[in-house]
Structure formats: C-alpha cells, structure tokens
Amino acid sequence: MGVRGGGAVIRLALVRHAKSEWGSPGVADHDRALNERGLHDAPVMAARLADSGFVPDAIVTSTARRARTTAAAFGERFGVEPVLRPGLYGAPAEELLEAAVQQGAPSVLVVAHDPGMSVLAARLSNDSIGHMPTCAVATFTWRDQDDWEVADALDPDEWTFDSPR
C-alpha cells in the first residue's frame with residue numbers, strides 16, 4: 001500500500017539518473033542519452049520502488065537528457081508528470097533537498113546527479129549510504145510530520161536503499 005497525500009508523513013525518494021552513454025564528440029554533457037543498461041534499469045527500478053509501497057505525489061528532475069529519461073520511466077510507472085528544474089543539473093545536496101521542499105507535496109521523488117545525490121543520501125542516512133550508483137534509489141520517511149523543514153533538522157524515521165547492481 002502506498003502513501004499518497006493525506007496523513008502526517010513526509011517521504012523523499014532520491015534517484016540518481018540511470019547509466020548513460022559516454023560523451024561523444026560534439027555531444028554536450030547535458031545532452032547525453034541513456035545507454036542500453038540505463039534504458040533497462042530505469043523502468044525496473046521504478047517498478048521496484050512501486051513494489052516497496054512508495055508512491056510519489058510529485059517528481060522533480062534535472063533538465064539533463066539522462067535525468068529526464070530516467071524521470072520519465074518513473075513518471076510513467078506512477079502516473080506523475082515530472083517537473084523540469086534546470087538548477088538540478090550539477091546541484092549540491094542543499095539544492096536537491098530544497099527542490100523537494102518547493103514541490104509542496106507530502107511525497108516527492110527527485111532525479112538528479114552526483115555528487116549531490118550521494119552527499120544528500122549520506123547526510124540523511126547518517127553516512128550509511130556512501131555512494132549512489134547510477135539508477136540507485138534511496139527513500140526517507142519522516143512520520144508524524146507535515147512540514148518539510150524537518151527533513152533538514154530531524155533524522156528520518158526510516159530509510160531504504162536499492163540499486164540495480
């Protein structure tokens with residue numbers, strides 16, 4: 001059973017974009033596409049997140065092609081249209097968390113890049129998550145809370161980590 005809206009629960013999912021192609025001559029980093037493994041992993045990880053009971057009310061993503069494509073797989077699975085945020089390309093941990101807060105929804109999924117994703121996951125898990133590999137998913141839950149400000153002030157009541165490899 002997922003948590004969507006209602007109740008005093010705040011949930012955050014951090015998703016690092018799926019595996020992308022290495023840079024090709026003339027292709028900007030921002031425009032790199034997912035490779036075959038990334039195209040496979042994104043819908044698989046979206047299904048695994050759904051199976052865990054996490055249901056986002058909002059999805060926010062970097063505008064980089066690899067992040068948009070990853071977010072689209074999650075959006076399709078959950079029936080949520082991803083919101084594009086140019087500032088998430090290369091964003092530090094604080095900006096990633098702020099992007100979730102600004103969505104104003106109780107359950108938010110953020111798709112972005114390292115090193116910001118790994119730094120934020122480590123911070124929220126008290127350094128138990130050391131690295132977010134491509135298409136990894138970390139979830140954090142604050143129970144009996146309805147204000148996102150707790151996400152930066154209180155340890156989550158629970159967290160999970162999943163990776164395609």
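## Charges, core and a few odd backbone spots

E98, D146, D147 and E149 come together as a negative patch on the surface. This is a predicted model, so read everything below with that in mind. One member of the patch, E149, sits in the loop that runs between β5 (137–143) and β6 (158–162). With a relative accessible area of 54%, E149 is exposed, since anything over 50% earns that label.

**The inside**

Now for the greasy part. The largest nonpolar core has 30 residues, and the ones touching the most other members are L12, L14, V110, F140, W142 and W148. Two or more residues each come from β1 (9–16), β2 (58–61), α3 (93–103), β4 (107–112), α4 (116–124) and β5. The top contributor is α3, which gives six residues to this core.

**Salt bridges**

Searching the whole structure turns up eight salt bridges. Here are three of them, with the distance between the closest N and O atoms.

| Pair | N to O distance |
|---|---|
| R16 and D114 | 3.5 Å |
| D152 and R123 | 2.7 Å |
| R143 and E158 | 2.8 Å |

Start with R16 and D114, which form a salt bridge. What does this pair tie together? R16 belongs to strand β1 and D114 to the loop between β4 and α4, so the bridge joins parts that are 98 residues apart in sequence. Is R16 buried or exposed? At 14% relative accessibility R16 counts as buried, because the cut-off for that is under 20%. D114, at 21%, is partly exposed.

Next come D152 and R123, whose closest N and O atoms are 2.7 Å apart. D152 is in the loop between β5 and β6, while R123 is in helix α4, and the two are 29 residues apart. D152 is exposed, with a relative accessible area of 54%, whereas R123 is partly exposed at 31%.

The third pair is R143 and E158, whose side chains meet in a salt bridge. This one goes from strand β5, where R143 lies, to strand β6, where E158 lies, with their positions 15 residues apart in the chain. R143 is partly exposed at 38% relative accessibility, and E158 is partly exposed too, with a relative accessible area of 33%.

There's also a network of salt bridges, linking R37, D41 and R165.

**Back to β1**

Strand β1 also holds R11. R11 is buried, with a relative accessible area of 10%. If you measure from C-alpha to C-alpha in your viewer, R11 and F54 should come out 8.1 Å apart, although they are 43 residues apart along the chain.

**Backbone oddities**

Have a look at D114 again: the peptide bond from D114 to P115 is cis, with omega near 10°. P115 is in the loop between β4 and α4, and that loop is also where D114, the salt-bridge partner of R16, is found.

Which residue has a positive phi of about 55° although it is not a glycine? That would be N126, in the loop between α4 and β5. N126 is exposed, with a relative accessible area of 52%. C135 likewise isn't a glycine but has a positive phi, of about 65°. C135 lies in the loop between α4 and β5, but C135 is buried, with a relative accessible area of 0%.

Methods
Residues numbered from 1 in each chain as written. Predicted model: local features only at pLDDT ≥ 70, side-chain atom pairs only at ≥ 80, totals over all residues. Heavy atoms only, no water. Patch = residues over 30% accessible without salt bridge, like charges linked within 9 Å, V, L, I, M, F, W, Y side chains within 5 Å. Areas by Shrake-Rupley, 256 points an atom, 1.4 Å probe, with all protein chains shown as cover. Salt bridge = Lys/Arg side-chain N within 4 Å of Asp/Glu carboxyl O. Lys, Arg positive; Asp, Glu negative; His and termini not counted. Charge placed at Lys NZ, Arg CZ, Asp CG, Glu CD. Helix = DSSP H or I, 4+ residues; strand = E, 2+ residues; numbered from the N terminus. Buried < 20%, exposed > 50% of the residue type's maximum accessible area, 1.4 Å probe, protein only. Core = buried A, V, L, I, M, F, W, Y, C linked by side-chain atoms within 4.5 Å.
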